[in-house]
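Please open the model in your viewer and keep the sequence panel beside it. The tour below proposes a series of selections and says what is found at each stop.

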Amino acid sequence: MIVSSALMIWKGLMVITGSESPIVVVLSGSMEPAFHRGDLLFLTNRVEDPIRVGEIVVFRIEGREIPIVHRVLKIHEKQNGHIKFLTKGDNNAVDDRGLYKQGQHWLEKKDVVGRARGFCQENRSVEDRNYLFLTLEL
């Protein structure tokens with residue numbers, strides 16, 4: 001009963017947010033200091049919302065199972081309106097072209113799992129006490 005209820009809630013969140021993965025866990029330190037390992041990100045992926053420079057996206061690379069959480073660094077828009085974009089981890093020295101599949105220099109909307117609209121993180125700096133903070137962008 002509990003498992004089926006959780007599955008129904010998850011499927012409902014997928015429909016509401018438009019994302020195949022409405023909640024993800026940050027797995028690396030590439031986005032520090034904004035996000036740390038273990039932080040939760042709440043995602044949406046509405047088709048009508050344009051991707052913007054500075055936005056945090058979760059994307060998949062062909063041939064890799066685990067999605068990546070990074071910030072949009074540059075946008076390349078063609079005359080026909082087709083948009084491609086480049087990402088970079090805040091804590092990384094270079095952009096993500098080295099992570100993309102061989103020969104790929106830009107990401108497209110089809111690569112995006114979702115865009116961060118909120119997060120839940122543990123405050124690690126208040127006298128060694130643990131607090132959880134939840135922030136949502138509406």
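## A network of charges

Begin by selecting Asp 49, Glu 55, Arg 115 and Arg 117, which are linked in a network of salt bridges. Please bear in mind throughout that this is a predicted model, in which seven salt bridges are found.

Within the network, turn to Asp 49 and Arg 117, whose side chains meet in a salt bridge with a distance of 3.8 Å from N to O. This pair links distant parts of the chain, since Asp 49 sits in the loop between strand 2 (40–44) and strand 3 (56–59), while Arg 117 belongs to strand 7 (residues 112–126), 68 residues apart. Asp 49 has a relative accessible area of 22% and is therefore partly exposed, whereas Arg 117, at 15%, is buried.

Keep Arg 117 selected and add Glu 55: the side chains of these two residues also meet in a salt bridge, at 3.1 Å from N to O. Because Arg 117 lies in strand 7 and Glu 55 in the loop between strand 2 and strand 3, the pair ties together parts that are 62 residues apart in sequence. Is Glu 55 buried or exposed? With a relative accessible area of 10%, Glu 55 is buried.

While strand 7 is in view, select Gly 118, which has its place in that strand and, at 6% relative accessibility, counts as buried. If you draw a distance from the C-alpha atom of Gly 118 to that of Thr 44, the separation should read 9.4 Å, although the two residues are 74 residues apart along the chain.

## Another salt bridge

Next, select Arg 71 and Asp 90, whose side chains meet in a salt bridge at 2.7 Å from N to O. Arg 71 lies in strand 4 (residues 68–77) and Asp 90 in the loop between strand 5 (83–88) and strand 6 (107–108), so that this pair ties together parts that are 19 residues apart in sequence. Arg 71 counts as partly exposed, at 24% relative accessibility, and Asp 90 is likewise partly exposed, with a relative accessible area of 30%. As general background to these stops, side chains of opposite charge can pair when their charged atoms come close.

## Aromatic rings

How many aromatic pairs should you look for? The count comes to two aromatic pairs. For one of them, select Phe 35 and Phe 119, which form an edge-to-face pair with 5.3 Å from centre to centre and 75° between the planes. Phe 35 lies in the loop between strand 1 (23–25) and strand 2, and Phe 119 in strand 7, so the pair ties together parts that are 84 residues apart in sequence. Phe 35 is buried, its relative accessible area being 5%.

Then move to Phe 59 and Tyr 100, where the ring centres are 6.3 Å apart and the planes stand at 80°, so this pair is edge-to-face. Here too, distant parts of the chain are linked, with Phe 59 in strand 3 and Tyr 100 in the loop between strand 5 and strand 6, 41 residues apart. Both rings belong to buried residues, as Phe 59 has a relative accessible area of 0% and Tyr 100 one of 5%.

One further ring deserves a selection: show Trp 106 together with Arg 97, which lies over the face of Trp 106, at 5.1 Å from the ring centre.

## A nonpolar patch on the surface

Now switch to a surface display and select Val 25, Leu 27 and Ile 66, which form a nonpolar patch on the surface with about 290 Å² of accessible area together. Val 25 has its place in strand 1 and, at 42% relative accessibility, counts as partly exposed.

## Stepping back to the whole chain

Finally, return to a cartoon view, in which the protein shows one helix and eight strands. From the N terminus on, the elements run α-β-β-β-β-β-β-β-β, and of the 138 residues, 33% count as buried.

Colouring by confidence is a suitable last step: the protein averages a pLDDT of 85, and 87% of the residues score at least 70. Where is confidence lowest and where is it highest? Confidence is lowest in strand 8 (residues 129–136), with a mean of 52, and highest in strand 5, at 96.

Notes: Residues are numbered from 1 along each chain as its sequence is written. Side-chain values use heavy atoms; hydrogens and water are left out. A salt bridge is a side-chain nitrogen of Lys or Arg within 4 Å of a carboxyl oxygen of Asp or Glu. Helices (H or I, at least four residues) and strands (E, at least two) are DSSP runs, numbered from the N terminus. Buried means under 20% relative accessible area, exposed over 50%, partly exposed in between (1.4 Å probe, protein chains only). Rings of Phe, Tyr and Trp (its six-membered ring) pair if their centres lie within 6.5 Å; planes under 30 degrees apart count as stacked, over 60 as edge-to-face and the rest as tilted. A charge sits over a ring if NZ of Lys or CZ of Arg is within 6 Å of the ring centre and within 35 degrees of the ring normal. pLDDT is the predictor's confidence in each residue, from 0 to 100. Patches are made of residues with over 30% relative accessible area and no salt bridge: like charges are joined within 9 Å, nonpolar side chains (Val, Leu, Ile, Met, Phe, Trp, Tyr) within 5 Å. Accessible areas come from the Shrake-Rupley method with a 1.4 Å probe; for residues, only the protein chains shown count as cover.
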